[in-house]
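Colleague: I would like to go through a model feature by feature, with the general idea first and the case at hand second. Where should we start?

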Amino acid sequence: QYPALRKFMRDFFHSTFTCELNGFDFVDSEDATIEESIYLNHLRIFNSSITSLPVRILTRLISLQSVVVRAKINHVDELSLKKVLLVDFSENEVSSLAEFAFSGCTTIREIDLHGNKISNLPGNIFNGLLQLQSVNLAGNGIKILPIELFSQTPSLEIFWAQMNFLDELKLEMFSHLTNLKQLDLSRNRLKNIEEPKTLFSMKPLLGANLELSFNKLVTLSLLNTDIPAINVSSNLLKNITLGKQCKEFYAKNNEVDKITIGESLKTLEVLNLANNELKNKLGDVCRCEKLQEVVLASNGIDNIGFCFSKMITLKELDLRRNKLTHIDYGYFPGQNILEILDLSYNLIEEVDAHVLSLLHNLRNLYVDGNKIQDLPDQLSRILPQLSTIGISHNLFQCNRLLTIFRQLKAAKGEIIFNIDEPTVVNTTNIHGIVCYNTKENSSIEVQQSFPSEVNATIWREIQKLKFELQDYSSLVWKIVKSHENLRDGIAANFSLITPSEGFKKQQDESLNATLRSFEISFEQTNMKINELERKINETEKLVAKKEFSDKRNHSVYSLIVIFVAVLLVLVGVILLWYKSDKICIKYCLYRKISFRQSGESMRTFV
């Protein structure tokens, strides 16, 4: 009879309730008990002292959906929480787990144990968890993953085990997980990965699906796999064999001299092999049909031939720091959509206008650090979409460089001139770009740079740190996107359980606990970015300090030189005066003696 009362009762019984205990010291007692509660949905324990969880008390909270503990627990007993969705025991001191620690939590979807001291994992710890979607074991001391660890978790989508002590891995243990999206095993000690006997496939995801960077892998064979995105950067790899349907492959900072792309020739879109030893052995790379981004920087390449002449989908090509001497007409297809071309720090002497005329969509062109003396006339007409150009550290005559500047500025007022390193000491330059053989009155835009000498090694370190900073900044963006995707997915799942308005009002609070692992990753990455920025600032301060020291030393040296010169002049004047005085005395004495002798001779004669 009372609709308002019915609505209140309905919202009350479908609302979520959270209990947060902060700063308590817990003493576990066998006599401790509480009444059974159907209202408490979320339990959080922060900044408290507790060595083991009060399992008997937790069992009485029959409606718990999430348990988050940040204390000093060192052991996890067998839990029996029939409705729990999230268990977060990260950043504790857990060193041991009961054999069936989570088997009683049949509805659980996320387990977070990162930042503990776990070294051994029971093989049956996840048995019976048919709805488990995410497991985070990062930052422990795990040495071995039992082969049966995920044998009964068919819904698993995400597994993080980075920053452990794993030295070998069998991909076979993941082959039955048809919903797996991300497998992160980076920053371990992996030396060998055993190829699966049955097909191992993963679902597409923003970012790398299989993350194996910063390990000790020497060879990698993924023939029997179907993984969209793989990252094996910063290993010791020499030989790589890809599997099926790979779209993105990152293997920079290795020793790769051979790569077999195999069945991914028709699907590969992004390939990063920077800082390897491929030289001119680009066989399978040239056969790829759908490549959009290729990075082959620092590989000792001196001839690319017609490798990219049929890649009509290519948008970005990075060939910096190789040994290329020229660009031929047949290097690129007649119909292409190339937008970014980086040929900096090669041995190129001439840029052909006919070659550039093929690149009508080119936006960014980098030819810094070559031996170029001239660029084609009317470059703005040849490259109508050009917005950024890098031409520093070449061999331009100042008059010609000034003409190029004026032409590009007149045609494209917003064009950006990229300068990737500081101007060399005491060199003539135009807006920071070094040029040669310029008359003093050629133009007021020609400037002289007189900074003190800069250590080139320090500047290269700054550039390296800035590139690494860009990598980590992009990683932050990927983490945020993954955070949003998982948030939406969990929100959709929770809405099926409690589709009330009261739940929706408190949804953000519960999701923040559920997505704690993403926040930790975000915080760690931001800490790394702050550290890199600090290193860059310190290095730049070191350079500035060295410049000031060089200027001071130069001034002191100049004063010393002037003082010595003045001293020498004074000594010379004194010596000259002294010698001239002695000569005068001798001359007068000689005249006097001569006069006396002549007088005596006259008297004798008379």
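Modeller: Start with a pair of strands. A strand is a DSSP run of E with at least two residues, a helix a run of H or I with at least four, and both are numbered from the N terminus. Two strands pair if DSSP finds at least two bridges between them. Here β15 and β18 (residues 239-241) pair in the parallel sense over three bridges. Within that pair, S221 stands opposite T241 in β18.

Colleague: In what order do the strands of this open sheet lie?

Modeller: The order is β15-β18-β20, three strands with parallel pairing. β15 (219-221) and β20 (258-260) are the edges; each has a single partner strand, so one side of each lacks a neighbour in the sheet. Neighbouring strands are turned by 10° against each other on average, direction ignored. For such angles, axes are lines fitted to C-alpha atoms, for helices over the stretch in contact, and the angles run from 0 to 180 degrees between N-to-C directions.

Colleague: What conventions apply, and how far should I trust the coordinates?

Modeller: The model is predicted: local features need pLDDT of at least 70, side-chain atom pairs count only at pLDDT 80 or more, and totals for chains, interfaces and linings use all residues. Residues are numbered from 1 along each chain as its sequence is written, and side-chain values use heavy atoms, with hydrogens and water left out. As for trust, pLDDT is the predictor's confidence in each residue, from 0 to 100. The protein averages 79, and 70% of the residues score at least 70.

Colleague: Where does pLDDT stay under 50, and how many contacts does the model have there?

Modeller: A contact means heavy atoms within 4.5 Å. Residues 494-499 stay under 50, and the model gives them 11 contacts beyond four places in sequence. Residues 598-606 are also below 50, but that stretch has zero contacts beyond near neighbours in sequence.

Colleague: How do I read the overall makeup?

Modeller: Begin with the totals. The secondary structure comes to 10 helices and 30 strands. Burial is set by relative accessible area: buried is under 20%, exposed over 50%, partly exposed in between, with a 1.4 Å probe and protein chains only. Of the 606 residues, 44% are buried. Among contacts between residues at least 6 apart in sequence, 49% join residues at least 24 apart.

Colleague: Which residues have the most contacts inside the largest nonpolar core?

Modeller: A nonpolar core is a set of buried Ala, Val, Leu, Ile, Met, Phe, Trp, Tyr and Cys residues joined through side-chain atoms within 4.5 Å. The largest one has 126 residues, and F89, F102, F159, F174 and F249 have the most contacts inside it. Elements that each supply at least two residues include β2 (40-46), β3 (66-70) and α6 (398-411). The biggest contribution, six residues, is from α6. Leaving out residues up to four places away in sequence, F102 touches V76, L79, V87, F89, I111, L113, I125, F126 and L129.

Colleague: How many disulfides does the structure hold?

Modeller: A disulfide is a pair of cysteine sulfur atoms within 2.5 Å. The structure holds two. In one, the sulfur atoms of C286 and C307 are 2.0 Å apart. That pair joins helix α3 (residues 283-287) to the loop between β22 (293-295) and β23 (316-318), 21 residues apart. The S-S torsion is about -105°, so this link is left-handed. C286 is partly exposed at 30%, while C307 is buried at 4%.

Colleague: And the other one?

Modeller: C398 and C435 have their sulfur atoms 1.9 Å apart. With 90° about the S-S bond, this link is right-handed. C398 is in helix α6 and C435 in the loop between β29 (433-434) and β30 (446-449), 37 residues apart. Both cysteines are buried. In sequence order, the bonded cysteines pair 1-2, 3-4.

Colleague: Why is there no bond between C288 and the closest cysteine sulfur?

Modeller: That sulfur belongs to C286 and is 8.5 Å away, too far for a bond. C288 is buried, at 4% relative accessible area.

Colleague: Last one: is N209 buried or exposed?

Modeller: N209 is buried, with a relative accessible area of 0%. This residue lies in the loop between β13 (200-201) and β14 (210-211). Beyond four places in sequence, N209 touches nine residues' worth of partners listed as K181, Q182, L183, M202, K203, P204, I227, P228 and A229.
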